[in-house]
Structures are given as structure tokens and as C-alpha cells.
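Please follow the charged and aromatic side-chain contacts of the model shown here, together with the exposure of the residues that make them.

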Amino acid sequence: MTYCLGILTKSGLVMAADSRTNAGVDYISTYRKLFDFSVPGERIVLICTSGNLAMTQAVITQLRQDIHHQHPENLHTLGSLYDITNYIGKKIRKLQEENRPWLERDHIDFQCNLLLGGQIPGDEPELFLIYPQGNCIHATPETPFLQIGETKYGKPILDRTLTYHTSLEAAAKCALLSIDSTMKSNISVGPPIHLVRYERDSFRLNHWLELRLGDPYLLQMRRSWEQSLKQAFAQMPDPQWQGSSQEVSGWDYPG
């Protein structure tokens, strides 16, 4: 399992991913899940992956090979991010069909999900989620973030703090807190954490981070967040109880 997320704002894009791969409680390893296929000054193409590791690595390898061999259709030639999602979707479907008989025979889950974010000249920054079936959805001003992998633990903070007008710096902090909250609750998500911040129309990646286990900033952020949560919890008003169960109409407590 892993956790990746993308955040689309009016000012640009933030993408983040952990690096943990879990094939059982006694086999945990580390693989990069955030990949940069950008051409500085020309286009920004960022991809996050989750799901079956062999499948996602095969997809990334084929994307690289198409660029290396100058295939007419590749991440550097297609005219829009939406065209790129369709191109990647075809790769996913083809690889799944090739491996399906053997994987299904051994009851192996071979599905994968990808996040695609970036900007092509002439278009706005965009963020897409590509499903195992090869189709996709995209982030909107009303729903400015997308997640893949172990999503549930990191979603509440995104729901409560993010809007399309959130600054990129605040969105980056929110992304890190979302991943840290997930790591706190699920051992299948872990560092190194990779984070990229892209400013719209710059067509360059000037802000990136790799946070490893024990990184001072990661520890400071976790301590500050936990202290803030405890303080906010302590300041919450107590429940206004209505009395004993016998005084509350319609409540039936045994005994």
C-alpha cells in the first residue's frame, strides 16, 4: 500500500507521495512513487503511482521507453494532459490484458491507479486520476484534490482546510500533514516522502523536497501538529448532557 495525493490551486499544483511498499508484515520495502517527466521551459508532467508494484513499474518503464525511442506518441509529444491520460490508460489496459491469465490464476490483485498533474503551454494546470480501467477524472475548483492508495486517514485534513484559492505554500503543508496523519495510523505508508510544488505558467520545478525517516522538519511538523490538536481539543466545550436515561423520552436502556 502507499499514499499519494495531488492538489490543484489557482496558483499551481502540489503533488506528494510516500515510498513504502508492503507485501506483508514481514516484507516492507521502499520504492519511489512520484516521477517527473517534465521538459523545463516546455511542459510539466508529473505522475504518482499506487497499486500493484510490478504493474506500475511496467507502466513507467514503457512511458520512458517511448520517450527514449522517440515514439510518435509519448509524454513529450502529446498536445494536452487529457491526451496523455488516454495514452497512459491504453498502456495500463494493454499490460493488464497481457498479464491477466497468470495473475488471476494466482489470485493476485494487479490493479493500479495513477495521478497525472502538470501543465502544457496554452492550457491551465491540470490534475487527473487515472483508474485501473484506463479512464479518468480530473480535479476541479470545487474538488481541488485527488488521492490514490491509502486515502482515508489523510482525507479529513484536506476536506477541512483546502480550497481552490489556498496558497501553494499552505497546500504543500497540508499535503505533508495529510501524509503524516496517514503514517501515524497505518504502517503501510512511510518515508521517504517526495513533495513537488509547481507555480502555474513557470514551466519549471523550482520547489521539491525529499523527507527521509527522522528528518528534523518532519519531526517538528508532527510535534507541532499534535500539540495544536491537543490544545484545540482541550478548548472544545463539554457536551451539554440532557440528564439520565430515564429522563430522556424514547431511550430504553436495559437494566
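Because a residue counts as buried under 20% relative accessible area, as exposed over 50% and as partly exposed in between, Glu226, with a relative accessible area of 27%, is partly exposed. The model in which this value was computed is a predicted one, and the descriptions below should be read with that in mind.

Glu226 is a partner of Lys184 in a salt bridge whose closest N and O atoms are 3.4 Å apart. Since Lys184 belongs to helix α4 (residues 168-185) and Glu226 to helix α5 (residues 216-235), this pair ties together parts that are 42 residues apart in sequence. On the side of the lysine the classification changes, because Lys184 has a relative accessibility of 56% and therefore counts as exposed.

The helix that carries Lys184 can be considered in its own right. Helix α4 has 18 residues and spans 26 Å from its first C-alpha to its last, which is close to the 26 Å expected at 1.5 Å a residue. Of its 18 residues, 13 are buried, so α4 is largely enclosed by the rest of the structure, whereas Lys184 is exposed.

How many salt bridges does the structure hold? There are 11 of them, and the contact between Lys184 and Glu226 is one that has already been described. Another joins the side chains of Glu150 and Lys152, with an N to O distance of 2.6 Å; here Glu150 counts as buried, because its relative accessibility is 10%. A further salt bridge brings together the side chains of Glu199 and Arg197 at 2.8 Å, N to O, and its partners fall into separate classes of exposure: Glu199 is partly exposed at 36% relative accessibility, while Arg197, with a relative accessible area of 14%, is buried. Beyond such pairs, Arg32, Glu210 and Arg212 are joined into one network by salt bridges that share partners.

Turning from charged groups to rings, the structure holds one aromatic pair. The ring centres of Tyr82 and Phe128 are 6.4 Å apart and their planes stand at 45°, so the pair is classed as tilted. Because Tyr82 lies in helix α2 (residues 81-105) and Phe128 in strand β8 (residues 126-130), the contact ties together parts that are 46 residues apart in sequence. The surroundings of the two rings can be described by the accessibility of each residue: Tyr82 is partly exposed, with a relative accessible area of 44%, whereas Phe128 is buried, with a relative accessible area of 3%.

How values were computed: Residues numbered from 1 in each chain as written. Predicted model: local features only at pLDDT ≥ 70, side-chain atom pairs only at ≥ 80, totals over all residues. Heavy atoms only, no water. Salt bridge = Lys/Arg side-chain N within 4 Å of Asp/Glu carboxyl O. Buried < 20%, exposed > 50% of the residue type's maximum accessible area, 1.4 Å probe, protein only. Helix = DSSP H or I, 4+ residues; strand = E, 2+ residues; numbered from the N terminus. Expected span 1.5 Å × (residues − 1). Phe/Tyr/Trp six-rings, centres within 6.5 Å; stacked < 30°, edge-to-face > 60°.
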